[in-house]
Amino acid sequence: MGTGFIEEEENWSSEKQERKGRWLPAELNDMFLLQQSKQVVKTDAGEMKVTQSNGGRIVDRPMHIGFINMEPKSLFIPQYLDSNLILFIRRGITISVSSICVPGCQFQFVSRHQLIAGEAKLGFIYKDKLAEKRLKIGDVYTILAGSVFYLVNTGRGQRLHIICSIDPSESLGIGVFQSFYIGGGAYPPSVLSGFEPEVTKAALNTSGFYLSKILKKQQEGPIVFVDDSLWTKFLELKEQDRLQHLKKMVDDQAESDDDKEEKTEEAEPTDWSWRKLLNSVFGNVNTRIEKRHTVKPPDSYNLYDGKPDFRNRYGWSVALDSSNYSPLKRSGFGVYLVNLTAGSMMAPHVNPRATEYGIVLYGTGMIQVVLPNGTRAMNAKIREGDVFFVPRYFPFCQIASRSGPLEFVGFSTSARKNRPQFLAGGSSLFNTLMGPELAASFGVSEKTMQRLVRAQRESIILPAERAAPGDVDAIRRREQ
């Protein structure tokens, strides 16, 4: 076992030397791994990091990959972006907390983590009305640029992990992407804060006292913990029950707000109330309840629940495009999910229509990419959390390590059916092209060509134990 590791390490080093001076400059040999990430949000309640696309002329549409992590009972406050998003609910992590009591204080520590199915609530404006979707692990949902939305981690004691594609084609070009926060306060500031106070007061028909109270209170950042009692229970209600609850809140608080106004030192008259605030956010609550009219937004699509597009004993794959999920048509992107068993390979293939971005969900393995001149551009070891991309037309393959399965999710830069062209296996281009012309192009007899091409009877996902790497983490440690 140890000798195998040494041999692999030596081969890996020699490959690096071998690639120098070829078609691709040496400093760009690893350009298909996206390793530069930027933290764009960080609070006690969660964070968001973005891995930026390298772009360049060989990428038909650049795409950034976002990673959102939210603590239990947290809220990613209402906002809209200058970029299109496709959300993928990755997983949740159960957090078990133990406490040690010490006189005068209390310490807490995490004693156990367990991966479970994460759940999220996505709220957004659809056809000028509030709509909400409960999302579970494996769900895919699109949010178009300029659409107001918020996210809530509804799991009890569960961290939520979301992977998202970020399409900057409609962006302002300010940073990776630009958030415009509807909610907020001192940090982050709401977009309302940018107007002159007199303008905002007139627009909201409120006083400076209440305007200051709302626009300066929140200081916890874009991801905040929600109230463990009233707000959490409110978010867990079904939509019709929530509307009834809103009506009760409006009726109960209207008189209370009027009383508080009379007691303030601010002499300026105001019509501001909880009724006006809630109606401004959710529309006329009483009217909505009376009409009992709800808006049904597009459903999410779960990559794990459906039947795989392809499955054999070496793995399975799912491809999602506009033909089987219409919301992708407006975003212009596709989604895929691949699971390879230990020592298996996604056969060498070409994407003729799109650049492909991938994120390793779990496991370890290897990805190889080939240049147009037939030389190798990259032979990279990959593990959980790694992000890679493959430009349109470039041949490539992914291989799971011998130590366990490899699963990766990804996004393609076209919402049309991709129709990958495979270079090996029973459904390969070579089988389709089989004939004297193909044999002549290789300078061999047709019989020899047939023997080579038809030796592999499996299709798409192939056994590849001889080519598969061993323990990738161990190899990486030895290379450092």
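This section describes a buried asparagine, a strand pairing and a pocket in a predicted model.

Asn153 belongs to strand β11, which spans residues 149–153. The relative accessible area of Asn153 is 2%, and the residue is therefore classed as buried, the cut-off being under 20%. A polar atom of the Asn153 side chain lies 2.9 Å from the backbone oxygen of Glu71. Glu71 is also among the residues that Asn153 touches when those up to four places away in sequence are not counted. The others are Met70, Pro72, Lys73, Ser74, Glu119, Gln158, Arg159 and Leu160.

Strands β2 (residues 37–43) and β3 (residues 46–51) run antiparallel and are joined by six bridges. The connection from β2 to β3 is a hairpin of two residues. Within this pairing, Lys42 has Glu47 of β3 as its bridge partner.

The second largest pocket has a volume of about 600 Å³. Its lining consists of 28 residues, of which Ser317, Val318, Ala319, Asn418 and Pro420 are the closest to the centre. Two or more lining residues come from each of β17 (315–320), β18 (334–340), β19 (344–350) and β25 (406–412). Strand β18 makes the greatest contribution to the lining of this pocket, with five residues. Classified by residue type, the lining of the second largest pocket comprises 13 nonpolar, nine polar and six charged residues.

Conventions:
Residues numbered from 1 in each chain as written. Predicted model: local features only at pLDDT ≥ 70, side-chain atom pairs only at ≥ 80, totals over all residues. Heavy atoms only, no water. Helix = DSSP H or I, 4+ residues; strand = E, 2+ residues; numbered from the N terminus. Buried < 20%, exposed > 50% of the residue type's maximum accessible area, 1.4 Å probe, protein only. Polar contact = N/O pair within 3.5 Å; in protein donor to acceptor, adjacent residues only side chain to side chain. Contact = heavy atoms within 4.5 Å. Pairing = 2+ DSSP bridges. 1 Å grid on protein atoms, 1.4 Å probe; cavity = no way out; pocket = protein on both sides within 12 Å on 5 of 7 lines; lining within 4 Å. Points joined across faces, edges and corners; volume = space filled by probe spheres on them. Nonpolar A, V, L, I, M, F, W, Y, C, P; charged D, E, K, R; others polar.
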